[in-house]
Amino acid sequence: MTTDIKSINQVATARETFFLGFRTVLPILVGVVPFGMIMGVVSAEGNLTTFQTFFRAAFVFAGVSELVMLDLLAQGTTIWIIVLSAFVINLRQLIYSASIGEHYNDQPLGWKLLLSYTLVDQVFALSSQYFDEYPSSPFKRQYHLGTAVPIAVAWFSAIVTGYFLGAVIPDNLSLDFVVPLMFLSLVPPAIKGYSYIAAALVSAVAALLAFGLPNNLGLMVATFSGILVGYLLEGDA
Amino acid sequence: MKYWILVLMIGSFTYLKRASFIIFLSDWEMPKWMRKSLRFVPVTIFPALVSPLIFMTDGQIDITPTNVKILSALITLIVASRFGNLLLSILVGMMILWAGQWVLG
């Protein structure tokens, strides 16, 4: 696989680099489609209109933030706690931007705007891999877009499908529990040692203890307790 | 109305985060303590978000065997750490939940 990419890149044109990204991202769509369908189902179950659902999907383009928003909105949480939660939960977008920014320094502003919009997890992961391997590639934005286009198409189509599916699924299946299960499934891959496990446990327990606080403030208290414990246990890494 | 305010605010903040270092701060280096703290965000915010949904029933802490959500969550965690497959772990978790609800009537 690696040798294949190398030999392609030595003679690559802009167009070929785009399709290199395109082909590399295809297997990853297997993970994007079910998540998008969940987003659609949850939106339909929350009695949102098609316009509300699709405008949000296109404008925010960050599944986890949107799910957190829908979940807290259904619990009647205050606006600023919802905005803060959605902001904090996807703080990694800041890390992605910081990490990939140097590669786009010489892009025109219009391209920078588009590259920023499409900087989702998978695009970041694949593009930085490619930039590590070819730091002086003249076709960085083509590779980035090559990975972003299939992701966007798959994501939006999955949301549409999920939305119309959600409207016909019976209500008594406890489908709302899909959301916590999905958040839980995202935890193990992010665990990188005992300090991470401790941080997760502290945060889960603190969330229960602080649940009574007004405005769902307990969510923030628990998150920051967990981060503090992880930070202190981690040492000077 | 609340929905639209949220969409506009969350969407704008999301875009600003993604654009931050590409457009505005291409020279700024993030302090070490901040970078280190950010690494713990995913493993703390998700447990904080879901633990009340799992360990509480109707606003009360409910850590009993009849709370099937606990078993469902545990199995989901195990499947997720073993196979790293999002769809599989959610499916298994939901099946445990349905089976539990069926057994308990």
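Partly exposed residues have a relative accessible area between the 20% under which a residue is buried and the 50% over which it is exposed. The legends below describe close-up views of a predicted model.

**View 1. A salt bridge between the two chains joins B:Arg39 and A:Glu234.** The side chains of B:Arg39 and A:Glu234 meet with a distance of 3.6 Å from N to O, and this is the 1 salt bridge counted between chain B and chain A. B:Arg39 belongs to the loop between helix 2 and helix 3 of chain B, whereas A:Glu234 belongs to helix 13 (residues 218-234) of chain A. A:Glu234 has a relative accessibility of 22%, and because buried means under 20%, A:Glu234 counts as partly exposed. B:Arg39, with a relative accessibility of 33%, also counts as partly exposed.

**View 2. A salt bridge within chain A joins A:Arg56 and A:Glu66.** Over all chains the count comes to 2 salt bridges, and in the one shown here the closest N and O atoms of A:Arg56 and A:Glu66 are 2.7 Å apart. A:Arg56 lies in helix 4 (residues 50-60) of chain A and A:Glu66 in helix 5 (residues 63-74) of chain A, so the pair ties together parts that are 10 residues apart in sequence. A:Arg56 is buried, its relative accessible area being 0%, and A:Glu66 is buried as well, with a value of 1%.

**View 3. The side of chain B that touches chain A includes residues from helix 1 of chain B.** The contact involves 63 residues of chain B and 87 residues of chain A. About 7,000 Å² of area is buried between the two chains, and carbon and sulfur atoms give 78% of this area. Across the interface there are 20 residue pairs in polar contact, counted where both residues have pLDDT 80 or more. On the chain B side, two or more residues come from each of helix 1 (2-24), helix 2 (32-38), helix 3 (41-55), helix 4 (68-83) and helix 5 (86-103), and the largest share, 21 residues, comes from helix 1. Sorted by class, this side of chain B has 42 nonpolar, 14 polar and 7 charged residues.

**View 4. B:Thr44 of helix 3 of chain B is in contact with residues of chain A.** B:Thr44 is buried, with a relative accessible area of 0%. Within chain B, the side chain of B:Thr44 reaches the backbone oxygen of B:Val41 at 3.1 Å. When neighbours within four places in sequence are left aside, the residues in contact with B:Thr44 are A:Ala199, A:Ser203, A:Thr223, A:Gly226 and A:Ile227.

**View 5. A:Ala204 of helix 12 of chain A is in contact with residues of chain B.** A:Ala204 lies in helix 12, which covers residues 194-209 of chain A, and is buried, with a relative accessible area of 15%. Apart from neighbours within four places in sequence, A:Ala204 is in contact with B:Pro47 and B:Ser51. The C-alpha atoms of A:Ala204 and A:Leu219 are separated by 9.5 Å, and these two residues are 15 residues apart along the chain.

**View 6. Helix 9 of chain A covers residues 121-133.** Helix 9 of chain A has 13 residues and reaches 19 Å from its first C-alpha to its last, which is close to the 18 Å expected at 1.5 Å a residue. The buried residues of this helix are A:Val123, A:Phe124, A:Leu126, A:Ser127, A:Ser128, A:Tyr130 and A:Phe131.

Note on methods:
Residues numbered from 1 in each chain as written. Chains lettered and ligands numbered in written order. Predicted model: local features only at pLDDT ≥ 70, side-chain atom pairs only at ≥ 80, totals over all residues. Heavy atoms only, no water. Contact = heavy atoms within 4.5 Å. Buried area = accessible area lost by both parts, 1.4 Å probe. Salt bridge = Lys/Arg side-chain N within 4 Å of Asp/Glu carboxyl O. Polar contact = N/O pair within 3.5 Å; in protein donor to acceptor, adjacent residues only side chain to side chain. Helix = DSSP H or I, 4+ residues; strand = E, 2+ residues; numbered from the N terminus. Nonpolar A, V, L, I, M, F, W, Y, C, P; charged D, E, K, R; others polar. Expected span 1.5 Å × (residues − 1). Buried < 20%, exposed > 50% of the residue type's maximum accessible area, 1.4 Å probe, protein only.
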